[in-house]
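Dear colleague,

I am handing over a structure that will be new to you, and below it I have set out what was found in it. Please have the sequence and the model open while you read.

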Amino acid sequence: TPLEKMGVPSAVVTLLWGAIVKEKLAAAMERLMQLAQAFQAESNDAAAETLLNAALGLFPSNIKLLEQTAASHEREKRFERAAFFWNRCGKLREEAGELPLARSCFEKSIDLDSNQPDFYISLLSVYHQLQATDDIKKLGTTLLPILRKVGNIQTLVDVCKQLVIMVPDM
């Protein structure tokens, strides 16, 4: 490349190209989100969802995009889909160490779809990391009947074990 001919080390050239590509991708994602919002404002939900799905295909770990998608599904009263996306947001926020935000995302997912044991289990993990003993007890007493109803005995046993470890006096 011309930069290498000028004596710029190839590692620096690679970093520069990477930064340029990253900037262009971020700009493209931002534009897709703006277009989706414009379609939503015009009540063209099908076009907005197509754009959001395309953007999620390119950027599956973009929390801002996931939150926008979740909110879009909520507005359209597709609560199970919204809950799924809020749960994904929570997982990414938990991985990033943003536990209060993860908690909020998991709580939203449960508010929208209270029949998914995985949402409760995700929230239980965050409560444990936050050392929220009272919340663990409350959530545990809510989760166990749901697991019994679903009939997944192994998950029920695993959660019971976790609860005993997290809160021995439960």
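To begin with one residue: is Phe84 buried, partly exposed or exposed? This is a predicted model, and in it Phe84 has a relative accessible area of 34%, which means that it counts as partly exposed. Phe85, in contrast, is buried, with a relative accessible area of 2%. The two residues form an edge-to-face aromatic pair, with 5.1 Å from centre to centre and 80 degrees between the planes, and the structure holds one such aromatic pair. Another ring, that of Trp86, has Lys108 lying over its face, at 4.0 Å from the ring centre.

Turning to the interior, the largest nonpolar core has 23 residues, of which Leu124, Ile136 and Val159 touch the most other members. Two or more residues of this core come from each of helix H6 (99–112), helix H7 (117–130), helix H8 (133–150) and helix H9 (153–166). Beyond four places in sequence, Ile136 touches residues including Leu124, Tyr127, His128 and Leu163. Another core, of 18 residues, lies apart from the largest one, and Met33, Ile63, Trp86 and Cys89 are among its members.

Finally, please look at Glu94, which is found in helix H5 (residues 79–95). Glu94 is buried yet has no salt bridge, and the nearest side chain of opposite charge, that of Lys91, is 7.8 Å away. Leaving aside neighbours within four places in sequence, the contacts of Glu94 are Leu99, Ala102, Phe106, Ser122, Ser125, Val126 and Gln129.

With best regards

Terms used. Residues numbered from 1 in each chain as written. Predicted model: local features only at pLDDT ≥ 70, side-chain atom pairs only at ≥ 80, totals over all residues. Heavy atoms only, no water. Core = buried A, V, L, I, M, F, W, Y, C linked by side-chain atoms within 4.5 Å. Buried < 20%, exposed > 50% of the residue type's maximum accessible area, 1.4 Å probe, protein only. Helix = DSSP H or I, 4+ residues; strand = E, 2+ residues; numbered from the N terminus. Contact = heavy atoms within 4.5 Å. Lys, Arg positive; Asp, Glu negative; His and termini not counted. Salt bridge = Lys/Arg side-chain N within 4 Å of Asp/Glu carboxyl O. Phe/Tyr/Trp six-rings, centres within 6.5 Å; stacked < 30°, edge-to-face > 60°. Lys NZ or Arg CZ within 6 Å of the ring centre and 35° of its normal.
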